[in-house]
Amino acid sequence: MATKRTTDDAPRALAPREVELKFRRVTVGEAEIRLMDRKANTERVVEHTTPFTHPVQVFVEAPPCIVFHSFEELTDALTAYFSATNQEFSIRNSITVEHSNETTSRGLKFPENDVRFKYSSMTYVCKHGRTQKRRNNPDLAKSKKVKFAYSGCQACLWVNLVLLGPPGQRRWVYHIHKMVHTHNHELNAVNQVASLRPFRVYLDAIYSMKQMGASPHDIMTMLADKEPTKKITIQTVRNILRNYSKELEGPTPPLRHRAYMLPRAAPPPQLACPTLPFQRLFGALAKLTIEQRLTAPRLFYLNLCSISSTLRRSWKFADEHAVEHATDKSFHATVLTAIAADGGAIAPFYVFARTGTDRPQLTPSSISTAQGLVTPEAFEYWMIYLQSALHPRLPRPVVLVVDHVTISPALQKICLRYGLFLLSWKDLYGGDKDIMLPLRHVLFEPFEARLCRLLGAVLPHVSTPAAVSAELPAIATDAYQTSIDGVGPAAIRAAFRATGLLPLHLPTLASNAAPPPPPTKSTLVVEEQRTATISIQSDIMPRYAVER
């Protein structure tokens, strides 16, 4: 049924202060960006009390890349783009991924456990468009009308975390989907917003001028004479007086009495004090114990157990001229086990070897790498596994003692996000003593011996490395749990006490007593002999005896 169009459906006329928003779409790579001359009315444009009239309009091109696969990649690319075009932007209205998932009802959640993505949306605002509330009129303190401390530039960049790509190949990326590419000021190094950090060297001069009753305008003139290349306004002086108020409140000695103004004599020669081998390790542990109140359930030690096996098979025919045939198959893997200072344990994690043609395999408790080694990617994946295995009510931070580790940017982000602290004792300890040797003798040596015996009963009967990888998790988990039950929590706590780590004991760390012998390597040789009888015959029919 046709309906008649009423007057309410007619196009709405623009208000006197509204301007029709125009934009153009520009394709950059695989995505599009909208370039606008000004902000839309829906973007909550700040209303100025006395609008500026800027005849200057500087247009910039869109960034050369608008799709990024991580927040770090986005930051590096935009920093280079801003530096090349003399633009100054700061992040405003950033929303984290976790906050978006909690406050917004979405069918598709943002990835929270991915260290590449920190925010779900961000807005980059030109620093010349920042606002400042009026100070001389208290009636406008609660009003939306504010005055601009700078030129009121509307240049902005909008970045969202979106799924991009063809069907079946969609992936999470950061997309710069909209940009106001018009500035109302010149883009050059002289016109950049002055930072307050370079003016710390003039605090003494500012203090002397304040004591003599100088006005902010006089201070601005003095700073402009000393820094002619920087744009200094009255607001810059006010920011200096506010941010460095503590330094400017107390009386400071005159310049002539400053130590750095007096001629310095040559320092007397000092005797070189050799650094004690345990000094750095003791200092790091003491800081954690005092500041974080480290307890036994929050201190873990990570042990890496390497497994290598070579399976040799030989056979020959039972005749006089038979030649013996043999094949060798090798298997490599690494088992990561973590034990707490109170006796609590984390289930083992496995790193299997893969060939060059295989793709990396990921399971909740295993990963495959080249030759079964613990690569940085595998260790980062284990850190996420550790976070999922810890009790949710365990206080943070959790200290993880390892033999050696290289901190990568991704690993650092994982530690900061989950409240984990890595302590590489071999990098901090300068001596030759094995600090963790008591714990190896008490727990990990029996575990490795038991695991070697169990694998010796299984590996000769398994023909492929894939079959070994399928059998190893159940065997190693059972061996590890059995070893912990046999040792007991009291023996584990005593072993940690013997290391001197928890409770922190300086004489134990500094002792040079003869250490116990190192743990022995568990090796088992299994020999098995098999004989196969094969019969093949054709054209033979069975005979049946039928009695009548």
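In this predicted model, Arg293 is located in the loop that runs between helix α7 (279-291) and strand β12 (299-315). Its phi is near 50°, a positive value in a residue that is not glycine. Arg293 counts as exposed, because its relative accessibility is 68%, above the cut-off of 50%. A positive phi is also found at Gln371, where the angle is about 65° although the residue is not a glycine. Gln371 is placed in the loop between strand β16 (366-370) and helix α8. With a relative accessible area of 57%, Gln371 is likewise exposed.

Cis peptide bonds precede two prolines in loops. The bond joining Arg396 and Pro397 is cis, with omega about 5°. Pro397 belongs to the loop between α8 (376-389) and β17 (398-402). Helix α8 thus borders the loop of Gln371 as well as that of Pro397. A cis peptide bond also leads from Leu502 to Pro503, with omega near -5°. Pro503 is situated in the loop between α13 (489-499) and α14 (506-510).

A packed pair of helices was examined next. Two packed helices are described by the angle between their axes and the distance between the axes. For helix α3 (residues 203-211) and helix α4 (residues 216-226), the axes come within 11 Å and cross at roughly 150°. The two helices are therefore roughly antiparallel, since angles over 145 degrees fall in that class. The crossing of α3 past α4 is right-handed. On the α3 side the contact is made by Ala205, Ile206, Met209 and Lys210, which meet Asp218, Ile219, Met222 and Leu223 of α4. Of the residues in this contact, 6 are nonpolar and 2 are charged, with no polar residue. Lys210 in α3 and Asp218 in α4 are the charged residues.

The remaining site is centred on His175, a residue of strand β10 (residues 171-180). His175 counts as buried because its relative accessibility is 12%, under the cut-off of 20%. The His175 side chain reaches the backbone oxygen of Glu32 at 2.8 Å. Glu32 is also among the residues in contact with His175 when neighbours within four places in sequence are left aside. The other contacts of His175 on this basis are Ala31, Ile66, Val67, Trp158, Val159, Asn160 and Val162.

Conventions. Residues are numbered from 1 along each chain as its sequence is written. This is a predicted model: local features need pLDDT of at least 70, side-chain atom pairs count only at pLDDT 80 or more; totals for chains, interfaces and linings use all residues. Side-chain values use heavy atoms; hydrogens and water are left out. Helices (H or I, at least four residues) and strands (E, at least two) are DSSP runs, numbered from the N terminus. Buried means under 20% relative accessible area, exposed over 50%, partly exposed in between (1.4 Å probe, protein chains only). A polar contact is a pair of N or O atoms within 3.5 Å; within protein, one must be able to donate a hydrogen and the other to accept it, and residues adjacent in sequence count only if both atoms are side-chain atoms. Contact means heavy atoms within 4.5 Å. Axes are lines fitted to C-alpha atoms, for helices over the stretch in contact, and angles run from 0 to 180 degrees between N-to-C directions. Angles under 35 degrees count as roughly parallel, over 145 as roughly antiparallel, 65 to 115 as roughly perpendicular and the rest as oblique. A crossing is left-handed if the near helix is turned anticlockwise from the far one by less than a right angle, and right-handed if clockwise.
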